[in-house]
Amino acid sequence: MTNKEKFLTLSSGDDTNTGKKIQDRRHNREQLRESQQIALKVLLKLNELGWSQKKLAQKMQVSPQQISKLVRGNENLTLETQIRLQKILKIPILASFYENTSKVKKKPALS
Amino acid sequence: MKIISIFEERLFAFHCEGEEMNELARLLSCWNDVDYLFKFAQQHSEDIPFGLTLVELVNQLLFDSQELDEILNKIAENTNKNWSEFFKPLNNLEYGNTELSRQKGRKNYLRVYAIKIDKNCFVITGGTIKLHHMNKDRPHTAKEMQKMEKCRDYLKFMGIADTDSFYELINEQP
């Protein structure tokens, strides 16, 4: 058996995970981009408010680990999580953020 | 220190002691992590290129990372492609065959460092986000240069100078 043949037997499957993760990211690119943009909005707002991720976890009543995953930007966030983030941090995530804002600007009542 | 096969017999990465992942896995994990990139940009705010805001830099790095995935996938999927299409000598003045040549693969601000074993066989030693000219000028890039030297010394110590002896080392690993 040549050196190369021996090597191929030994090295196959050593780290298939890295290649798989590349494929996963490529296939979920659009979703990943959205998650990353939400994560960036959250981090900016936390920075602006001077809040820690732990404080956000308390406000959202979730574990700090969940917030840690969220701000990495590779989580598939549920609608519920997005609504709560939007409400607590007052950042635009869903279209309802703009729709609700426009509803607030009510016309003055007729006298 | 271990050498891990990433894409068959063509691309390898060092797995340093105390690290959870091999060097390529670690880099890709960091460069796809918004929290990591945000903190990195905050820590290196003085190096943010002129005309870019912190948010624009993070978005650029995320885009570069996405492009890097495409480059890696393209070469890995096509056996007619050669990893030397991505990796180039670290020293721009290097010509001809240099034993265990220091190499860099780049995508805008991202750098992947490797050692060339033969024309289509590379071992990744680490990488960095490079926002300034000289590697020695910043601790995080200087550290990557030191790691590369350590890996190169290891290969030399193990008697690696060509492809055959490199494969022998892979076979001897526990």
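Let's start inside chain B, where the side chains of Arg26(B) and Glu23(B) meet in a salt bridge, with 2.8 Å from N to O. Why are these two partners about one helical turn apart? Because they sit three residues apart in helix H1 of chain B, about one turn of the helix separates them. Keep in mind that this is a predicted model. Over all chains, the structure holds 14 salt bridges.

**Where the chains touch**

Now look at the place where chain A and chain B come together. On one side, 29 residues of chain A are in contact with 33 residues of chain B. The size of an interface is often given as the accessible area lost when the parts come together. For chain A and chain B, the buried area is about 2,700 Å², and carbon and sulfur atoms give 55% of it.

How many salt bridges does the rule find across the interface of chain A and chain B? There are three. You can look for one between the side chains of Asp69(B) and Arg29(A), where N and O are 3.1 Å apart. The rule also finds twelve residue pairs in polar contact across this interface, with both residues at pLDDT 80 or more.

Which parts of chain A do the touching? The elements that give two or more residues to that side are helix H1 (3-11), helix H2 (16-27), helix H3 (29-49) and helix H5 (64-72) of chain A. H3(A) gives the most, with nine residues. Sort the residues on chain A's side by type and you get nine nonpolar, eleven polar and nine charged.

**A pocket and a cavity**

Next, the open spaces. The largest pocket has a volume of about 610 Å³. It's lined by 22 residues, and the closest to its centre are Asn17(A), Lys21(A), Arg25(A), Asn74(A) and Ser29(B). H2 and H3 of chain A, along with helix H1 (23-31) of chain B, are the elements that give two or more residues to this lining. H2(A) supplies the largest share of the pocket lining, five residues.

What about enclosed space? A search of the whole structure turns up one cavity of 30 Å³ or more. The largest cavity holds about 30 Å³ of space. Its lining is made of Arg29(A), Leu32(A), Arg33(A), Gln36(A), Asn32(B), Leu62(B) and Gln66(B). So you meet Arg29(A) again: its side chain forms a salt bridge with Asp69(B), and Arg29(A) also lines the largest cavity, as the definition of lining counts residues with an atom within 4 Å of a point. The elements giving two or more residues to the cavity lining are H3 of chain A and helix H3 (54-77) of chain B. H3(A) has the largest share there, four residues.

Here's how the residues of the two linings divide:

| Lining | Nonpolar | Polar | Charged |
|---|---|---|---|
| Largest pocket | five residues | nine residues | eight residues |
| Largest cavity | two residues | three residues | two residues |

To finish, trace H3(A) through the model: it gives nine residues to the side of chain A that touches chain B, and four residues to the lining of the largest cavity.

Conventions
Residues numbered from 1 in each chain as written. Chains lettered and ligands numbered in written order. Predicted model: local features only at pLDDT ≥ 70, side-chain atom pairs only at ≥ 80, totals over all residues. Heavy atoms only, no water. Contact = heavy atoms within 4.5 Å. Buried area = accessible area lost by both parts, 1.4 Å probe. Salt bridge = Lys/Arg side-chain N within 4 Å of Asp/Glu carboxyl O. Polar contact = N/O pair within 3.5 Å; in protein donor to acceptor, adjacent residues only side chain to side chain. Nonpolar A, V, L, I, M, F, W, Y, C, P; charged D, E, K, R; others polar. 1 Å grid on protein atoms, 1.4 Å probe; cavity = no way out; pocket = protein on both sides within 12 Å on 5 of 7 lines; lining within 4 Å. Points joined across faces, edges and corners; volume = space filled by probe spheres on them.
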